[in-house]
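Q: I'm new to reading protein models. Could you walk me through this one, feature by feature?

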Amino acid sequence: MLVLGIESSCDETAAALVQDGHCVLSNVVASQVKTHRSFGGVVPELASREHLKNIGYVVERAFRDAGRTYRDIDGIAVTQGPGLIGSLLVGLSFAKAMAFALGKPLVPVNHLEGHIFSAFIEHAEIRHPLLALVVSGGHTSLVFSPEPEKYERVSRTRDDAAGEALDKLSKYLGLGYPGGPVIDRLARKGHSSRFAFSIPKISDGSLDFSFSGFKTAALRHIEQSGIRPHIKGRRVSQAILDLVASYQKAIVDTLLRQTRRAVEQYRPASILLVGGVACNSLLRKSFRGAFEDSAGAGSERGASARPPFPRVYYPSPALTTDNAAMIAAAGTPKLRVGRSLELDLNAFADLRLC
Ligand code: KG4
Ligand code: ZN
């Protein structure tokens with residue numbers, strides 16, 4: 001089954017052709033980073049306009065890269081939410097018009113389900129029950145999936161998303177946008193034990209996340225240590241390197257701690273690390289170390305002892321940040337069972353997965 005995926009929930013206009021949910025024939029992403037960089041974050045009105053400008057070309061390019069024609073596809077999958085409403089509507093309207101013109105079925109996909117499916121594209125062996133940490137610029141949640149297409153919300157962030165916390169500190173220190181990849185790179189040269197960040201305890205014992213306290217603590221460190229924002233073209237000061245290393249470690253430790261508690265509770269066979277922040281090298285290493293190494297991953301002990309020793313999966317970087325291949329992959333099983341909606345389909349900014 002050949003599926004066209006369309007994604008436009010935030011600041012990336014994306015289209016992809018995916019065969020049978022696993023074989024990515026094309027994966028085109030038009031990033032708007034340049035448009036939003038000077039604002040240090042995504043400006044919704046500008047994002048919608050950019051999507052409008054790019055969507056036609058991006059879809060055409062996806063067909064060209066794959067060497068296929070419009071008639072070759074069996075259906076279209078499009079992101080319905082959550083996201084910026086103006087941005088979502090551009091992709092959704094385009095998908096509807098295409099489905100109508102070509103007489104092809106159209107299915108809506110939740111963006112978070114798309115991120116979860118991003119791990120399946122390269123890892124057909126992933127087993128349920130699974131626990132997914134969806135961690136990006138807009139989301140930080142733990143989702144439990146006992147069987148395919150069934151989701152239970154385990155926890156979410158009570159304030160900022162993890163990516164948002166990284167982006168905000170980066171902006172404040174003059175390190176650029178988006179901040180996640182910059183901090184990932186700079187933190188390798190810093191000492192993560194120099195600045196203290198105490199990990200918040202959620203008083204009701206829930207598995208929720210909270211990151212806004214780190215921002216306040218970072219501002220305090222900046223003030224107390226007299227740290228000046230970075231000036232472009234100069235060498236990044238050791239104090240900044242140490243601060244971002246300490247800050248990143250606090251975020252990763254928080255994600256790890258809550259995931260560990262969820263693993264004890266839900267006993268998944270697989271842990272999925274998905275969403276833009278899942279590109280983070282420390283996060284990937286920490287998860288592998290925490291969940292797999294202790295089980296002797298790959299060894300006979302690891303294999304026979306599972307569960308409680310789950311395997312950790314994450315997609316390659318091009319499928320980790322926002323893309324349309326993950327939307328096509330998530331839409332494929334829905335199209336297979338003939339679940340295709342009418343053309344009065346709408347977008348929802350706060351669409352829930354579970
Ligand atoms: O999934 P995504 O592309 O868009 C959303 O759905 O939000 O995620 C974007 C987020 C940004 O906050 C960005 O700073 C973060 O992912 N990010 C990273 C890394 N690469 C991207 N954060 C930490 N380390 C990285 N290497
Ligand atoms: Zn996303």
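**A salt bridge to start with**

A: Sure, and keep in mind that this is a predicted model. Let's begin with glutamate 164 and lysine 168, whose side chains meet in a salt bridge at 3.6 Å, N to O.

Q: What is the general idea behind a pair like that?

A: Side chains with opposite charges can pair up when their charged atoms come close. In this case, both glutamate 164 and lysine 168 sit in helix H5 (residues 162–172), and they are four residues apart, about one turn of the helix.

Q: How many salt bridges does the structure hold?

A: It holds 17 salt bridges. We'll meet another of them when we get to the domains.

Q: Okay, domains then. How is the chain divided?

A: There are two pieces to look for: domain 1 takes in 2–116 + 317–336, and domain 2 takes in 128–268 + 276–313. Try colouring those ranges in your viewer. The C-alpha centres of domain 1 and domain 2 lie 27 Å apart. Where they touch, 19 residues come from domain 1 and 13 residues from domain 2.

Q: How do I put a size on that interface?

A: People often quote the accessible area that is lost when the parts come together. Here, domain 1 and domain 2 bury about 1,300 Å² between them, with 68% of it on carbon and sulfur atoms. On the domain 1 side, Leu112, Ile116 and Thr320 supply 36% of the area buried against domain 2, more than any other three residues.

Q: What does the rule find across the interface of domain 1 and domain 2 in the way of salt bridges and polar contacts?

A: For salt bridges, the rule finds one across the interface. For polar contacts, it finds four residue pairs, with both partners at pLDDT 80 or more. Now have a look at the side chains of glutamate 149 and lysine 334, which meet in a salt bridge at 3.0 Å, N to O.

Q: Which elements give two or more residues to the side of domain 1 that touches domain 2?

A: They are helix H1 (33–37), helix H4 (111–122), helix H11 (317–320) and helix H12 (325–336). H4 gives the most, with five residues. Sorted by class, that side of domain 1 has eight nonpolar, seven polar and four charged residues.

Q: Back to glutamate 149 for a second. Where is it found, and what is its phi?

A: You'll find glutamate 149 in the loop between strand S7 (140–145) and strand S8 (152–156). Its phi is near 65°, a positive value in a residue other than glycine.

Q: Which peptide bonds should I check for the cis form?

A: Check two that lead into prolines. One runs from glycine 81 to proline 82, and it is cis with omega near -10°. Proline 82 has its place in the loop between strand S4 (75–81) and helix H3 (85–102). Another runs from histidine 128 to proline 129, also cis, with omega near -5°. Proline 129 lies in the loop between H4 and strand S6 (130–135).

Q: Last one: how many residues surround ligand 1, and which are the closest?

A: It has 19 residues around it, and the closest are Gly137, Asp167, Gly180, Asp184 and Gly276. To read a site like this, look at which atoms face each other. An oxygen atom of ligand 1 is 2.7 Å from an N or O atom in the side chain of aspartate 167. With glycine 137, a polar backbone atom is 2.9 Å from a ligand 1 oxygen. For glycine 276, a polar backbone atom is likewise 2.9 Å from an oxygen atom of ligand 1.

Note on methods
Residues numbered from 1 in each chain as written. Chains lettered and ligands numbered in written order. Predicted model: local features only at pLDDT ≥ 70, side-chain atom pairs only at ≥ 80, totals over all residues. Heavy atoms only, no water. Domains from an automatic or database assignment. Contact = heavy atoms within 4.5 Å. Buried area = accessible area lost by both parts, 1.4 Å probe. Salt bridge = Lys/Arg side-chain N within 4 Å of Asp/Glu carboxyl O. Polar contact = N/O pair within 3.5 Å; in protein donor to acceptor, adjacent residues only side chain to side chain. Nonpolar A, V, L, I, M, F, W, Y, C, P; charged D, E, K, R; others polar. Near = heavy atom within 4 Å.
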